[in-house]
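Here are some exercises to work through with the model open on your screen. Try each task before you read its solution.

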Amino acid sequence: MTYSAIDLSFISSKRHQADLGTEIHFFETVDSTNLCARRALADGAKHGSVFIANAQSQGRGRLGRSWLSVPSAGIYLSIILRPALAKEDCSKVSLVAGLAAVLAINRVCGVQATLKWPNDILLMGKKICGILSEFYSPAPDNYGIVVGVGINVHHNREHFQGDLEGLASSLEIETGRSQNRNDLIVAFLEELESQLSLLVAGSFEQVLNRWSDHCAMLGKEITISQGTSSFRGKALRLDEAGNLLLQTEDNEILTFSSGEASLK
Ligand code: BTN
C-alpha cells in the first residue's frame, strides 16, 4: 500500500483557529520528537506547539524502551501542553492523551481499538499505538508536559520481528485498507483538545468514564509489573486520580499509578 506523505498545509488548514496545533514543526528525521519538544519547551515554546517527524533515530518508549520508527510508515508526533492545571494534576494528561488517540483512530479508521492501562492502544490484541507523556520543568517558572504519540500506520508484518512479533501491528495490517497519516493527526489533535478542555474544566470524571468504556481490560484478571515485582488480580476500575485499582486473590485492593499491565 502507498505511504501517505505528511501534508502540513492540510493539517494547518484544519487547525488554524484551534488551541492545539496552530504551530507545527516538521522534520524529515530527528532523534526523537519528544526530545525536540523538550528542547523547545526549555526555550519557551508555547502551549499547543506540535513536532512531527517522518523518521526518528532514537524513538523513545515508556519504561526506557525504544520505539520502532520506520521512516514514513508511522506517526511520530509530540505536543507541548501548558494547561491551566496544578502540577499534581498534570499526570492525568497521560490518560487524556490515550483516550484522544483511541477516539481518533476509531473515528478515522472505522475500527474498535481499545485501551490497555495506562495508555497503550491495541487492535485485535496487538499494540498499534503508544503514548509517552513527560512532565518537564527546565526552570521553576517554566514547566509543561510533552505528550508523544506513536501510531503504527503503514507498517507491514516484516517490520514487527524479534521482540515485537505477535505483540505489535499496524492499522493497515489489521484493517487491510490504506490509511492516511494526515487524517489521523488532525483527528488526534481535535480529540486531544476536547478531552483536555474537560480535564481543565474540572470534569476529569467524564474523561475517566469514556476511558473506561474504551478499555478492554477492566473486570479481567491481569498482571501488573513494576520493575522486578509483579502483582496479579482483577482490574477493578480507575480511581478519581486515574490510578488503577487491582483486587488481589486475598481481596486486598492495590492502587497503581504506573506499571505495565498484561492480560496474562
Ligand atoms: C510506548 O512505549 O508505548 C510509548 C511510545 C511513544 C512513542 C512516541 S513516537 C513520538 C514520540 N517521540 C518519541 O521518542 N516517543 C514518542
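## Exercise 1: The cores

Start with L192: set aside its neighbours within four places in sequence, and you'll find it in contact with L20, I79, L81, V96, A97 and A100. Keep in mind that this is a predicted model.

**Task.** Which residues have the most contacts inside the largest nonpolar core, and which helix gives the most to this core?

**Solution.**
- Step 1: The largest nonpolar core has 63 residues.
- Step 2: Those with the most contacts inside it are L81, I105, W117, I121, L171, F188 and L192.
- Step 3: Helix α3, spanning residues 93-109, gives the most to this core, putting in 12 residues.
- Step 4: There's also a second, separate core of 10 residues, and C36, A45, F51 and I80 are among them.

## Exercise 2: Around the ligand

**Task.** How many residues surround the ligand, and which are the closest? Then find what lies across from its nitrogen and oxygen atoms.

**Solution.**
- Step 1: Count 20 residues around the ligand, the closest being S32, Q56, R60, R62 and K127.
- Step 2: Look at the S32 side chain, where an N or O atom is 2.8 Å from an oxygen atom of the ligand.
- Step 3: Move to Q56: an N or O atom of its side chain is 2.9 Å from a nitrogen atom of the ligand.
- Step 4: For N34 it's the backbone that counts, with an N or O atom 3.5 Å from a ligand nitrogen.

## Exercise 3: Q56 and S69

**Task.** Is Q56 buried or exposed, and which side chain does it join in a polar contact?

**Solution.**
- Step 1: Place Q56 in strand β2.
- Step 2: Check its relative accessible area, which is 12%; the cut-off for buried is under 20%, so Q56 is buried.
- Step 3: Follow the side chain of Q56 to that of S69, which it meets in a polar contact of 3.0 Å.
- Step 4: Still on the Q56 side chain, a polar atom lies 2.8 Å from the backbone nitrogen of T33.
- Step 5: Now take S69, which sits in the loop between β2 and β3. S69 is buried too, with a relative accessible area of 11%.
- Step 6: A polar atom of the S69 side chain lies 2.9 Å from the backbone oxygen of W67.
- Step 7: Compare the touching residues, not counting those up to four places away in sequence. Q56 touches V30, D31, S32, T33, W67, S69 and Y76, while S69 touches Q56, G59 and Y76.

## Exercise 4: R62, far along the chain

**Task.** How many residues apart in sequence are R62 and G259, and what is their C-alpha to C-alpha distance in space?

**Solution.**
- Step 1: Find R62 in the loop between β2 (50-56) and β3 (74-81). At 17% relative accessibility, R62 counts as buried.
- Step 2: R62 and G259 are 197 residues apart in sequence, yet their C-alpha atoms are 9.7 Å apart in space.
- Step 3: Leaving aside neighbours within four places in sequence, R62 is in contact with P118, N119, I131, L132, G259 and E260.

## Exercise 5: Backbone oddities

**Task.** Where is the peptide bond with omega about 5°, and where do S72 and N251 lie?

**Solution.**
- Step 1: Remember the background: most residues other than glycine have a negative phi, and most peptide bonds are trans.
- Step 2: The bond between W117 and P118 is cis, with omega about 5°. P118 lies in the loop between β4 (114-116) and β5 (120-123).
- Step 3: S72 has a positive phi, near 65°, and belongs to the loop between β2 and β3. At 21% relative accessibility, S72 counts as partly exposed.
- Step 4: N251 also has a positive phi, near 65°, in the loop between β10 (244-247) and β11 (253-256). N251 counts as exposed, at 57% relative accessibility.

## Exercise 6: Rings and charges

**Task.** Why does the pair of F135 and Y143 count as tilted?

**Solution.**
- Step 1: The structure holds 2 aromatic pairs.
- Step 2: For F135 and Y143 the ring centres are 5.7 Å apart and the planes are at 35°, so the pair is tilted.
- Step 3: Both rings belong to partly exposed residues: F135 has a relative accessible area of 40%, and Y143 is at 28%.
- Step 4: Add the charges. The charged end of K87 sits over the Y143 ring, 4.6 Å from its centre, and R38 lies over the face of Y136, at 4.2 Å from the ring centre.

Technical notes. Residues are numbered from 1 along each chain as its sequence is written. This is a predicted model: local features need pLDDT of at least 70, side-chain atom pairs count only at pLDDT 80 or more; totals for chains, interfaces and linings use all residues. Side-chain values use heavy atoms; hydrogens and water are left out. Rings of Phe, Tyr and Trp (its six-membered ring) pair if their centres lie within 6.5 Å; planes under 30 degrees apart count as stacked, over 60 as edge-to-face and the rest as tilted. Buried means under 20% relative accessible area, exposed over 50%, partly exposed in between (1.4 Å probe, protein chains only). A charge sits over a ring if NZ of Lys or CZ of Arg is within 6 Å of the ring centre and within 35 degrees of the ring normal. A nonpolar core is a set of buried Ala, Val, Leu, Ile, Met, Phe, Trp, Tyr and Cys residues joined through side-chain atoms within 4.5 Å. Helices (H or I, at least four residues) and strands (E, at least two) are DSSP runs, numbered from the N terminus. Contact means heavy atoms within 4.5 Å. A residue is near a molecule or strand if one of its heavy atoms lies within 4 Å of it. A polar contact is a pair of N or O atoms within 3.5 Å; within protein, one must be able to donate a hydrogen and the other to accept it, and residues adjacent in sequence count only if both atoms are side-chain atoms.
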